[in-house]
Amino acid sequence: MASRLFVRRRDGRLEVRLNDAGRQMVAEAFAHVLAAESDPEHDWHASLNGPIDPSTDLDDPLATLSRQHEITSNVELAIATLHEDFLNDAEAWAWLCSLQVALRGLVTAKGLLSADRLAQSDVATRDYITTLQSLLFGLADVM
Amino acid sequence: MAAVKPLRVSDETQVDTSVATLTLRPWNVIVWDDPVTPMSVVVVILRKIFGYPNNKATQLMLTVHHEGRAVVWSGPLERAQSYCVKLQVAGLVATIERDA
């Protein structure tokens with residue numbers, strides 16, 4: 001049986017059981033999210049700026065500003081706690097949101113928006129997606 | 001002598017039917033399916049953002065999975081926008097639309 005990546009301790013904290021390679025992989029995903037939010041040229045930028053109301057040409061600027069602020073706040077908190085052994089609930093939520101944004105950014109940028117397209121993607125991409133999903137499964141289990 | 005026709009006095013309230021009734025249609029927050037997001041993650045996000053109990057969040061997640069989309073909340077525009085932003089910040093594909 002595979003060991004769990006995240007464990008809820010009796011004191012309420014969430015223990016992170018990632019090794020150095022795992023944390024390095026997570027760090028890269030968070031760095032991509034942070035860069036994509038501010039860089040329009042980044043591959044993931046479009047997926048972070050999807051329409052809120054598709055029936056209008058432009059979304060409410062306050063809503064889009066709020067989204068930008070919240071994505072950045074989450075990923076900055078996630079990066080700041082990258083090497084912690086224990087997370088509180090707010091930090092775990094920031095990790096979950098940032099990892100999920102990374103997953104969506106990757107699949108959108110590579111056009112893997114259907115199960116068929118996903119199955120046809122290269123092995124490295126599928127491995128990366130599977131790893132992100134494993135981290136998300138582990139986090140969701142303890143939240 | 002002609003009979004005097006009594007005046008009919010009505011005590012019914014007169015209703016002015018010329019005034020249109022304004023009905024505000026609510027805005028729906030929609031979550032869309034995608035092939036990679038783990039189901040348990042969708043449930044956690046719906047619980048956290050809307051405060052839904054686990055069974056309601058699970059039911060909505062299954063609707064998204066089987067039907068491709070689900071209305072997860074309905075109400076005024078400003079709150080719908082706010083919830084949609086929170087779902088997008090959490091990495092889900094979400095939009096709003098006017099209720100039909």
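Two exercises with worked solutions follow.

This is a predicted model, in which local features need pLDDT of at least 70 and side-chain atom pairs count only at pLDDT 80 or more, while totals for chains, interfaces and linings use all residues. Residues are numbered from 1 along each chain as its sequence is written, and chains are lettered from A in the order in which they are written.

**Exercise 1.** Describe the side of chain B that touches chain A.

Step 1. Contact means that the C-beta atoms of two residues, placed from the backbone, lie within 7 Å. On this rule, 20 residues of chain B are in contact with 32 residues of chain A.

Step 2. Helices (H or I, at least four residues) and strands (E, at least two) are DSSP runs, numbered from the N terminus. At least two residues of this side come from each of helix H1 (39-50), helix H3 (77-89) and strand E3 (93-98) of chain B. H3(B) gives the largest share, five residues.

**Exercise 2.** Place strand E1 (residues 27-32) of chain B in its surroundings.

Step 1. A residue is buried if 20 or more other C-beta atoms, placed from the backbone, lie within 10 Å of its own. Five of the six residues of E1(B) are buried, so the strand is largely enclosed by the rest of the structure.

Step 2. Strands pair if DSSP finds at least two bridges between them. E1(B) and strand E2 (residues 69-75) of chain B run antiparallel and are joined by six bridges; Asn28(B) has Ser74(B) as its bridge partner there.

Step 3. Six bridges also link E1(B) to E3(B), again antiparallel, and Trp32(B) stands opposite Val93(B).

Note on methods. A residue is buried if 20 or more other C-beta atoms lie within 10 Å of its own, exposed if 12 or fewer, and partly exposed in between; C-beta atoms are placed from the backbone.
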